[in-house]
Structures are given as structure tokens and as C-alpha cells.
Amino acid sequence: MKINCFIKEEDIDFSLIKEIPFSFAKNNLIMPLRKENGTLIAAISDEKGMLALAELSKYFGLKPVPLKIEKKLIIEAIHRFYGQIGFDQKVMEVISGDDLSSIATEFEKPRDLLELTDEAPIIRLLNALFQQAVKERSSDIHIEPYEKELIIRFRIDGVLHKILTLPKIIHEALINRIKIMSNLDIAEKRLPQDGRIRILVGGKDIDIRVSIIPTSYGERAVLRLL
């Protein structure tokens, strides 16, 4: 079976790739996708990947189904999806056990986010989001409130990807922190607002255009990285 398209998030069973070490996938150029009807489906590009798939299939007791795609697409997928697992764990460590309603004081000037790891939880959460967005070469960060949860999406190559699902309880604190950083009115929740943020990530100056839009479940934020 052959495919020549980009591997999408909906193709991936994240519970499966958590069982397979990143080093194994990287060294063998194999991107595990999912288990389906007694088979193990994985993207490979060469004989080395085929042998790795045979080894994994034997371990799981499943029939191997290889999908042959370009080597560069497999490398991109391995780093993207394994990186997403690590990012999810990092963010959950940031928000667990902390007082998430606390909001730190406003930045007086751009500061390097890589130096902010010991500060308040909301700052560390935004730190992680900005760093990951730059790493993924995302053009936009979407923060979308729903009735019981908060969804974070990145726009990458024109396509929105769901990155995180967070507890709704942190929504107001996160939006307020963004407003403070972009010099917006935190008391105004009924009207749209636009602002800008300047940050440093790894010494790189990043300009971010901020749009806050009221919705029925609270304020939605769109942050465009320029």
C-alpha cells in the first residue's frame, strides 16, 4: 500500500506511539500510525522500516500493514507527533497542583521566555505555548473556549491542528494574562479587542498580533506570530 500525502493528526493513535520509543522510530525511520482490525499500520520508506515494522508487529501480535511514503515526510511526522506528546506532558506538569488564577505583573519590556521557567503557572503555560508554536513554525495560536474545556490549536502550513485540551477553569486567567501582555483592558469582556505582544524565544524577537473575540462560552483569542 502506498500513500504520498502528509501524515495527519487524525491518522495517529497517540496511545500507540506512547508505547514505542522515539529513538526506535527515529533510528528505523518508521512512524507508527494505529492498530486496526488485527493489524499494525505504520508509515515507512525503506527496507529498514519494513524490518522494524515486522519486529513491532511480532511484539504486539498483529499483522503488519506498511504505508510507503517519502523519507522526509516520515522524519517530519516523527518529530511532530512525538514532540506533541512531550509538549502535552510538559503543559500538564505546569498546570497541575498550582493556583492557576494567579496572574503575574505586566512585562515592562520583551524578555526571553526561555528564562521564565520558574515563574507563575500562567506565565509558564504561555511560555510553553509560544516556544512550541515557534518550534512548529505555527503562524497562529487559537485559544478556543467551550462549555467544559479549553482547546488550543496551532495553524501550521495553513491548516489548524488541535494541540491541547485544557481544563476550562484556567480560561479566564490565561486570557487575562494575554490581555496584560498586549496592553488590553482586562475588564472589557463584551467587545472585541486587538493588541500586540513582543517576546523573545531563544534570542529571536517575535512580534505577535492579538485578537480577543467574545463568544457564548467566553473570550476566544487568536495570536498571529509575525
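This briefing walks through the fold, the sheet, the aromatic pairs and two residues of a single protein chain. The model is a predicted one. The chain holds six helices and nine strands, and six of those strands make up an open antiparallel sheet. Of its 226 residues, 49% count as buried.

**The chain overall**
- Take contacts between residues at least 6 apart in sequence: 51% of them join residues at least 24 apart.
- About 11,900 Å² of the protein chain is exposed, and carbon and sulfur atoms supply 51% of that area.

**The sheet**
- Reading across the open sheet, the strand order is S6-S5-S4-S9-S8-S7, with antiparallel pairing.
- At the edges sit strand S6 (159-167) and S7, each of which pairs on one side only.
- Ignoring direction, neighbouring strands here are turned by 20° against each other on average.
- Within the sheet, strand S8 (residues 204-215) and strand S9 (residues 218-225) run antiparallel and are joined by eight bridges.
- For a spot to look at in that pairing, try Val-210, whose bridge partner in S9 is Leu-223.

**Helices on the sheet**
- H5 packs on the sheet and touches S4, strand S5 (149-156), S6, S7, S8 and S9.
- The direction of H5 makes about 25° with that of S5.
- Helix H6 (residues 171-181) also packs on the sheet, and its contacts take in S4, S5, S6, S7, S8 and S9.
- For helix H6, the angle to the direction of S9 is about 45°.

**Aromatic pairs**
- Searching the whole structure turns up two aromatic pairs.
- In one of them, the ring centres of Phe-14 and Phe-81 are 6.0 Å apart and the planes stand at 70°, so this pair counts as edge-to-face.
- That pair ties together distant parts of the chain, with Phe-14 in helix H1 (residues 14-17) and Phe-81 in helix H4 (residues 71-95), 67 residues apart.
- Phe-14 and Phe-81 are both buried.
- Tyr-59 and Phe-60 also pair edge-to-face, at 5.0 Å centre to centre and with 80° between the planes.
- Tyr-59 has a relative accessible area of 65%, so this residue is exposed.
- Phe-60, by contrast, has a relative accessible area of 17% and is therefore buried.

**Ser-138, in a loop**
- Ser-138 belongs to the loop that runs between helix H5 (121-135) and strand S4 (140-145).
- Despite the loop position, Ser-138 counts as buried because its relative accessibility is 7%, below the 20% cut-off.
- Leaving out residues up to four places away in sequence, Ser-138 touches Ala-133, Phe-154, Arg-155, Ile-156 and Leu-225.

**Gln-193, in an edge strand**
- Gln-193 is part of strand S7 (residues 193-201), and S7 is one of the edge strands of the sheet.
- Edge strand or not, Gln-193 counts as buried because its relative accessibility is 12%.
- A polar atom of the Gln-193 side chain lies 3.0 Å from the backbone oxygen of Asp-185.
- Residues up to four places away in sequence aside, Gln-193 touches Lys-179, Leu-184, Asp-185, Glu-188, Val-210, Ser-211 and Ile-212.
- One of those contacts, Val-210, is the residue bridged to Leu-223 in S9.

Conventions:
Residues numbered from 1 in each chain as written. Heavy atoms only, no water. Helix = DSSP H or I, 4+ residues; strand = E, 2+ residues; numbered from the N terminus. Buried < 20%, exposed > 50% of the residue type's maximum accessible area, 1.4 Å probe, protein only. Contact = heavy atoms within 4.5 Å. Polar contact = N/O pair within 3.5 Å; in protein donor to acceptor, adjacent residues only side chain to side chain. Areas by Shrake-Rupley, 256 points an atom, 1.4 Å probe, with all protein chains shown as cover. Phe/Tyr/Trp six-rings, centres within 6.5 Å; stacked < 30°, edge-to-face > 60°. Pairing = 2+ DSSP bridges. Axes fitted to C-alpha atoms, helices over the stretch in contact; angles between N-to-C directions.
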